[in-house]
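User: I have a sequence and a model on my screen. Please take me through them one topic at a time.

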Amino acid sequence: TRQARDQRVFAVVRELLASHGMQLSMETVAQHVGCSKQTLYSRFGSKQELMRQVLDQHVGTTFALLDAPQGEPLHQTLVEFAISFLAHRAQPRVIQACLQIAADSRQFPDQARQLYRDGAEQLQARVAEWLAAAVGRGELRHDDPHFMAEMLLSMIGGLDFERQRFHTPHRADAAERQRWAEFSVASFLRAFAPDKEPGTPLHSYQYRSFS
């Protein structure tokens, strides 16, 4: 089916990013998929659109645990999300892709900014919407959801990316990731525990995109 073929292409792109970074070409993707470059252009239009769809699927997969039906306690939902987030980032292929893309970013600044917008910024936006709904239910203190999302993702990620970048041991063990996930989520929930007087913002800063 068309969907199955697309998934095959996406899987190839994810694998090749670890070795090619932003220098990945449609021709290379086509060779590994087993189709012509023209077929890829006919289906996706451009390399940029192909990358956007790959990242869109990645964001959707990362966000899936938060997007589940309501019912679980807030703490449990966030811990499960954090563990999944950390497990994904600990995969050797993902680590290598991030390092390769970071190394290529100076040579391809426009592509790097687009990858950020389609990946990290979209994830932040979706987490912000989810947190805003939790605020609306009175489960979290009323505040800027975009700042809250950035803080949550930063707290979960910790310094692991820096450790990976400098080839220093990171949280590659499931028990270590769970311990950090529980600590970071508990800290976040303490920071944004509901006010005694709902509706009082912690600060008056206005959110702006840093793209």
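**Working through the model**

User: How many disulfides does the count come to?
Analyst: The count is zero disulfides, where a disulfide is a pair of cysteine sulfur atoms within 2.5 Å. In general, such a bond is a covalent one between the sulfur atoms of two cysteines.

User: Cys35: buried or exposed?
Analyst: Neither; Cys35 is partly exposed, with a relative accessible area of 26%. Buried means under 20% relative accessible area, exposed over 50%, and partly exposed in between, using a 1.4 Å probe and protein chains only. Cys98 is also partly exposed, at 33% relative accessibility.

User: Where do these values come from?
Analyst: This is a predicted model, in which local features need pLDDT of at least 70 and side-chain atom pairs count only at pLDDT 80 or more, while totals for chains, interfaces and linings use all residues. Residues are numbered from 1 along each chain as its sequence is written, and side-chain values use heavy atoms, with hydrogens and water left out.

User: OK, the overall fold. How many helices and strands are there?
Analyst: The protein has ten helices and zero strands. These are DSSP runs numbered from the N terminus: H or I with at least four residues for helices, E with at least two for strands. The C-alpha trace spans about 60 × 35 × 35 Å along its principal axes.

User: What share of the residues is buried?
Analyst: Of the 211 residues, 36% are buried. Of the contacts with a separation of 6 or more, 71% are between residues 24 or more positions apart. Contact means heavy atoms within 4.5 Å.

User: Which residues have the most contacts inside the largest nonpolar core?
Analyst: They are Leu78, Val127, Leu131, Leu140 and Phe188, in a core of 28 residues. H4, helix H5 (74-89), helix H7 (109-136), helix H8 (145-157) and H10 each give two or more residues to this core. A second, separate core has 21 residues, including Val9, Val29, Phe44 and Val54. A nonpolar core is a set of buried Ala, Val, Leu, Ile, Met, Phe, Trp, Tyr and Cys residues joined through side-chain atoms within 4.5 Å.

User: What is Leu140 in contact with?
Analyst: Leaving aside neighbours within four places in sequence, its partners include Leu74, Leu131, Met148, Phe188 and Pro194.

User: Next, H2. Which of its residues are buried?
Analyst: Met26, Thr28, Val29 and Ala30 are the buried residues of helix H2 (residues 26-33). They pack against helix H1 (2-20), helix H3 (37-44) and helix H4 (47-63). Just after H2, Gly34 takes a positive phi of about 95 degrees.

User: And Leu40, where is its place?
Analyst: Leu40 lies in helix H3 and counts as buried, at 2% relative accessibility. Not counting residues up to four places away in sequence, Leu40 touches Val9, Met26, Val29, Ala30, Cys35 and Gly45. The C-alpha atoms of Leu40 and His170 are separated by 37 Å.

User: Last topic: the loop between H9 and H10. Arg171 is found there, but is it buried or exposed?
Analyst: Arg171 is buried, with a relative accessible area of 15%. Apart from residues up to four places away in sequence, Arg171 touches Ala90, Asp160, Arg163, Glu176, Arg177 and Trp180. His167 has its place in the loop between helix H9 (160-165) and helix H10 (174-191) and is exposed, with a relative accessible area of 71%. His167 has a positive phi of about 55 degrees although it is not a glycine.
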